[in-house]
Amino acid sequence: MILAPGATIGILGSGQLGRMLAMAALKLGLRCHIYAPEPEAPAYDAASARTVASFDDEAALARFAESVDVITYEFENVPIACVEFLARLRPVRPDARALAVSQDRLAEKTFLRGLGLATAPFRPVDAAAALGPALAEIGRLAVLKTRRLGYDGKGQAMIREGSDLEALHRKLGGGPMIVEGFVAFDCEASVIAARSLEGAMVAFDLCENEHDRHILARTHVPARVAPEIETAAKTLAAKALEALDYVGVLAIELFVARDGAGAERLVVNEIAPRVHNSGHWTIEGAQTSQFEQHIRAIAGWPLGATARRGRVEMVNLIGEQADEWRDILAQPEQSLHLYGKLEARPGRKMGHVTRVFPEGPRNV
Ligand code: AMP
């Protein structure tokens with residue numbers, strides 16, 4: 001199903017990603033209807049309709065589906081049952097399979113391995129007693145993660161020599177988990193790629209990401225990696241898109257590590273079936289933004305060019321960093337984005353700032 005201008009896109013989730021998707025949709029003459037449980041949230045201001053209801057309210061979901069032409073989501077913890085229910089009424093892009101794979105770290109890593117991609121060594125941990133034998137196989141320096149509902153470093157814990165395994169397992173809630181070998185990476189990177197309804201694929205340039213307390217702090221493009229690594233990242237993204245028969249934008253988080261001979265190699269950390277914080281630089285820094293690219297893909301339209309407009313730096317404004325907005329505005333080469341959140345809680349993403357520099361070597 002191909003949308004015509006004037007059509008309405010339904011978005012599940014009401015955060016800043018939904019807000020920027022709705023802004024990109026408006027540019028293309030499309031409207032958005034946001035569905036989310038929160039009464040106040042960033043995406044509503046940019047949408048022409050909203051439904052405030054829980055993700056298991058079938059009557060509200062049915063009315064929502066009735067009022068839109070295609071449905072997408074802006075975060076990966078939407079219940080699968082909700083997406084399956086909606087998919088019987090309207091196309092959901094990306095579909096429930098992409099969502100299911102990315103919601104469960106075990107399914108995700110198994111999927112990636114099945115494609116022949118490198119991941120950290122991992123083992124399922126169904127009970128605390130399984131942790132010791134798993135560590136005997138993958139090594140003692142490891143990361144324990146809940147299988148579901150982890151983000152920004154929540155739901156995970158480092159395991160070191162001498163860690164109290166039972167206590168760590170309990171601290172993470174005692175549910176189903178996986179344990180992964182620790183990857184001694186040089187840097188973290190991400191590749192953001194898109195696939196159209198007809199199967200065309202494009203990728204933005206690889207970005208390099210710096211985190212602060214597990215929250216993305218800065219993204220730089222281009223990433224400082226060998227050209228073969230950049231190509232390998234785009235190739236592996238295409239493999240994942242094809243395998244999922246994916247429609248929309250997909251983000252893949254990567255570790256850049258070293259093999260035994262000291263050469264760079266990519267290890268896949270996780271996939272996000274949506275636009276991604278590390279792709280915000282594309283709004284000013286690329287010919288088509290990741291948000292417009294996603295809208296084009298799910299509308300059944302041709303994808304846009306991903307050419308970069310220079311060397312780009314994106315800095316997140318976390319918590320009270322957003323109070324600096326006046327100083328940022330006073331530097332006219334900086335592009336300020338604020339998400340309209342009223343309360344600057346610590347760790348909360350309030351906005352971001354992008355700078356595009358003429359192409360050339362990076363000095364930071
Ligand atoms: P995740 O929630 O899986 O994205 O992990 C959040 C962050 O924790 C990553 O961006 C890494 O900085 C770190 N991390 C996660 N898994 C590993 C690993 N297996 N080895 C080393 N660092 C990791």
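# Helix α5, backbone exceptions, aromatic pairs and a pocket

Helix α5 is followed by G116, whose phi is positive, near 80°. The model in which this is seen is a predicted one, and the values below are to be read as computed from it. At the other end of the helix, where α5 starts, a side-chain oxygen of D104 reaches to within 2.9 Å of the backbone nitrogen of L106. Within α5 the buried residues are R105, L106, E108, K109, F111 and L112, a list in which charged residues, R105, E108 and K109, stand beside nonpolar ones.

R105 deserves a closer look, since helix α5 comprises residues 105–114 and R105 belongs to it. R105 counts as buried because its relative accessible area is 8%, which is under the 20% limit used for that class. The side chain of R105 is joined to the side chain of E270 by a polar contact of 3.1 Å. Leaving aside residues up to four places away in sequence, R105 touches K145, T146, R147, G150, Q156, I178 and E270, so that E270 appears both in this list of contacts and as the partner in the polar contact.

The backbone holds some further exceptions, beginning with two cis peptide bonds that lead into prolines. One runs from R93 to P94, with omega near -10°, and P94 is found in the loop between α3 (80–87) and α4 (96–103). Another joins V221 and P222, where omega is about 0°; here P222 is placed in the loop between β12 (215–221) and α8 (227–243).

Positive phi values also occur in residues other than glycine. H214 has a positive phi of about 70° although it is not a glycine, and H214 sits in the loop between β11 (207–212) and β12. With a relative accessibility of 48%, H214 counts as partly exposed, because the exposed class requires a value over 50%. D245, for its part, has a phi near 50°, again a positive value in a residue other than glycine, and its place is in the loop between α8 and β13 (248–258). D245 counts as exposed, because its relative accessibility is 52%.

We turn next to the aromatic rings. A pair of aromatic rings is described by the distance of the centres and the angle of the planes. The count for this model comes to 5 aromatic pairs. One of them is formed by F55 and F75, a tilted pair with 5.9 Å from centre to centre and 40° between the planes. This pair links distant parts of the chain, 20 residues apart, with F55 in the loop between β3 (49–52) and α2 (58–66) and F75 in the loop between β4 (70–73) and α3. In terms of accessibility, F55 is buried, with a relative accessible area of 12%, whereas F75 is partly exposed, with a relative accessible area of 26%. The rings of F204 and W281 have their centres 6.1 Å apart and their planes at 80°, so this pair is edge-to-face. F204 lies in the loop between β10 (201–203) and β11, while W281 lies in the loop between β14 (264–272) and α9 (282–285), so the pair ties together parts that are 77 residues apart in sequence. Both residues of this pair are buried, F204 at 2% relative accessibility and W281 with a relative accessible area of 0%. F55 and F75 also belong to an aromatic cluster, which is formed by Y35, F55, F64 and F75.

The remaining topics are a pocket and a strand that contributes to its lining. Rolling a probe the size of a water molecule over the atoms shows where empty space is left. The second largest pocket holds about 270 Å³ of space. Its lining is made up of 13 residues, and those closest to the centre of the pocket are D212, R213, I318, Q321 and G347. The elements that give two or more residues to this lining are β12 and β15 (311–318). By residue class, the lining divides into 6 nonpolar, 4 polar and 3 charged.

Strand β15 also contains R311, which counts as buried because its relative accessibility is 11%. The C-alpha atoms of R311 and P358 are separated by 6.1 Å, although these residues are 47 residues apart along the chain.

Notes
Residues numbered from 1 in each chain as written. Heavy atoms only, no water. Helix = DSSP H or I, 4+ residues; strand = E, 2+ residues; numbered from the N terminus. Buried < 20%, exposed > 50% of the residue type's maximum accessible area, 1.4 Å probe, protein only. Polar contact = N/O pair within 3.5 Å; in protein donor to acceptor, adjacent residues only side chain to side chain. Contact = heavy atoms within 4.5 Å. 1 Å grid on protein atoms, 1.4 Å probe; cavity = no way out; pocket = protein on both sides within 12 Å on 5 of 7 lines; lining within 4 Å. Points joined across faces, edges and corners; volume = space filled by probe spheres on them. Phe/Tyr/Trp six-rings, centres within 6.5 Å; stacked < 30°, edge-to-face > 60°.
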